[in-house]
Amino acid sequence: QVQLVESGGGLVQAGESLRLSCAASGSIFIGATMGWYRQAPGKQRELVARITAGGSTNYVDSVKGRFTIARDNAKNTVYLQMNSLKPEDTAVYYCNAANLARVYWGQGTQVTVSS
């Protein structure tokens, strides 16, 4: 029943890198805008990055120049390459898909960045 599955989270030191993956069902991936959101304890969930079906991207200011979102339409997968990680990047990261019909959410993957 799960249609979005995140992976790739973990514990790293500041300055290191991680690559998150989100495997989606083709029925919702095709034509959908895909996004990565994150939520730290006690804070609001925020949009980190998103990519449209046509490949247009945008990022929250705090990750510009460090994070890159990409999609592989043949594999129904979206990625988030996270470089130069900072402790303030620590959060649960969620994959999101949005089409004309509805919005889908993954279960999340934990990213922890130590000082």
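**Strand β8 and its surroundings**

Let me begin with a pairing: strand β7, residues 67-72, runs antiparallel to β8, and the two are joined over 6 bridges. I should say at once that what we are looking at is a predicted model, and I will keep to what can be read from its coordinates.

Within that pairing, Phe67 is the residue that stands opposite Met82 of β8. The two strands make up a hairpin with 4 residues between them, and in that turn Asn76 has a positive phi of about 55°. Is Asn76, sitting in the turn, buried or exposed? With a relative accessibility of 18%, Asn76 counts as buried, because the cut-off for that class is under 20%. As for what surrounds this loop residue between β7 and β8, if we leave aside neighbours within four places in sequence, Asn76 is in contact with Cys22, Ala23, Ala24, Ser25, Gly26 and Phe29.

Turning to the other partner of β8, strand β3, which spans residues 18-24, also pairs with β8 in the antiparallel sense, again over 6 bridges. Here the bridge partner of Met82 is Leu18, so that Met82 has Leu18 of β3 as a bridge partner and Phe67 standing opposite.

Why do I describe β8 as largely enclosed by the rest of the structure? The reason is that 5 of the 6 residues in this strand, which covers 77-82, are buried.

That brings me to the interior. The largest nonpolar core holds 29 residues, and those with the most contacts inside it are Leu4, Met34, Trp36, Leu80, Met82 and Tyr93. The elements contributing two or more residues to this core are β3, α1, β4, β5, β7, β8, β9 and β11. Taking Leu80 as an example, and not counting residues up to four places away in sequence, we find that it touches Leu18, Arg19, Leu20, Trp36, Val48, Ala49, Phe67, Thr68, Ile69 and Tyr93.

Finally, I would like to set Trp105 beside these residues. Trp105 lies in strand β10, residues 103-105, and it is partly exposed, with a relative accessible area of 38%. Its contacts, once residues up to four places away in sequence are set aside, are Leu4, Tyr37, Arg45, Tyr94, Cys95 and Asn96. For one of these, Tyr94, the separation from Trp105 is 11 residues in sequence and 6.9 Å in space, taken from C-alpha to C-alpha. Leu4, which Trp105 touches, is also among the residues with the most contacts inside the largest nonpolar core.

Definitions and conventions
Residues numbered from 1 in each chain as written. Predicted model: local features only at pLDDT ≥ 70, side-chain atom pairs only at ≥ 80, totals over all residues. Heavy atoms only, no water. Buried < 20%, exposed > 50% of the residue type's maximum accessible area, 1.4 Å probe, protein only. Pairing = 2+ DSSP bridges. Core = buried A, V, L, I, M, F, W, Y, C linked by side-chain atoms within 4.5 Å. Contact = heavy atoms within 4.5 Å.
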